[in-house]
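This report goes through a single protein chain, beginning with one residue and its surroundings and then turning to the wider architecture. The reader may wish to keep the sequence and the 3D view at hand.

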Amino acid sequence: MSKVIKWQYSDLFEPRREKLVNLLLSEIIFLKSRLKQLTLNEQFRNFKIALNKLEYLLNTLKNNDTELSDKDFDKVVLIIYQIFQEIINNLEC
């Protein structure tokens, strides 16, 4: 989560793609560290699926060398938000 704070106050001219990659990387590391604490198999499986989605998105962003437009940046942020909502909903059940 410290990466998120750094990301919020980083240089305004830092590329959007780099911000998203750093955010995704730090969140994936955090979530993987929590993966061992899950007790129910269904929660574990749903959590793992969501992690795979985040990793796929991270790899896609890393492999794309072009800068994201405002519209694409907003779409990626929305996708990340939806994946986190999915994780939260599965953990609340």
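Glu86 is in contact with Ala50 and Lys53, once its neighbours within four places in sequence are left aside. The model in which these contacts occur is a predicted one. Glu86 is found in helix H4, and its relative accessible area of 26% makes it partly exposed, because partly exposed residues fall between the 20% limit for buried ones and the 50% limit for exposed ones. From Glu86 to Ile49 the C-alpha to C-alpha distance is 9.9 Å, although the two are 37 residues apart in sequence.

**Overall architecture**

The chain has 4 helices and 0 strands, and its pattern along the sequence reads α-α-α-α. Of the 93 residues in the chain, 31% are buried. The chain exposes about 6,700 Å², of which carbon and sulfur atoms supply 57%. If one considers the contacts between residues at least 6 apart in sequence, 66% of them join residues at least 24 apart.

**The cavity between helices**

Which residues line the largest cavity? The lining is made up of Gln43, Asn46, Phe47, Glu86, Ile87, Asn90 and Leu91, and the elements that give two or more residues to it are helix H3 (41-63) and helix H4 (70-92). H4 gives the most, with 4 residues. By character, the lining residues divide into 3 nonpolar, 3 polar and 1 charged. The structure holds 1 cavity of 30 Å³ or more, and the space in the largest cavity comes to about 30 Å³.

**The nonpolar core**

The largest nonpolar core has 20 residues, and those with the most contacts inside it are Leu20, Leu24, Phe47 and Leu61. Helix H2 (16-35), H3 and H4 each supply at least two residues of this core, and the largest share, 7 residues, comes from H3. Phe47 thus appears both among the residues with the most contacts inside the core and in the lining of the largest cavity.

Is Leu57 of helix H3 buried or exposed? Leu57 is found in helix H3 and is buried, with a relative accessible area of 12%, a value that meets the definition because buried means under 20%. With neighbours within four places in sequence left aside, Leu57 is in contact with Leu24, Val76, Ile79 and Ile80. One of these partners, Leu24, is also listed among the core residues with the most contacts. The C-alpha atoms of Leu57 and Val21 are separated by 8.8 Å, while the two residues lie 36 residues apart along the chain.

**The loop between H2 and H3, and the end of H4**

Leu38 lies in the loop between H2 and H3. Leaving aside its neighbours within four places in sequence, Leu38 is in contact with Gln43, Phe44, Phe47 and Leu91; Gln43, Phe47 and Leu91 are also included in the lining of the largest cavity. Leu38 and Leu91 are 8.9 Å apart in space, C-alpha to C-alpha, and 53 residues apart in sequence.

Glu92 is found in helix H4 and is exposed, with a relative accessible area of 62%, a classification that holds because exposed means over 50%. Glu92 and Gln43 are 49 residues apart in sequence, and their C-alpha atoms are 9.3 Å apart in space.

The residue pairs discussed above are gathered in the following table.

| Residue pair | Separation in sequence | C-alpha to C-alpha distance |
|---|---|---|
| Glu86 and Ile49 | 37 residues | 9.9 Å |
| Leu57 and Val21 | 36 residues | 8.8 Å |
| Leu38 and Leu91 | 53 residues | 8.9 Å |
| Glu92 and Gln43 | 49 residues | 9.3 Å |

Notes:
Residues numbered from 1 in each chain as written. Predicted model: local features only at pLDDT ≥ 70, side-chain atom pairs only at ≥ 80, totals over all residues. Heavy atoms only, no water. 1 Å grid on protein atoms, 1.4 Å probe; cavity = no way out; pocket = protein on both sides within 12 Å on 5 of 7 lines; lining within 4 Å. Points joined across faces, edges and corners; volume = space filled by probe spheres on them. Nonpolar A, V, L, I, M, F, W, Y, C, P; charged D, E, K, R; others polar. Core = buried A, V, L, I, M, F, W, Y, C linked by side-chain atoms within 4.5 Å. Buried < 20%, exposed > 50% of the residue type's maximum accessible area, 1.4 Å probe, protein only. Contact = heavy atoms within 4.5 Å. Areas by Shrake-Rupley, 256 points an atom, 1.4 Å probe, with all protein chains shown as cover.
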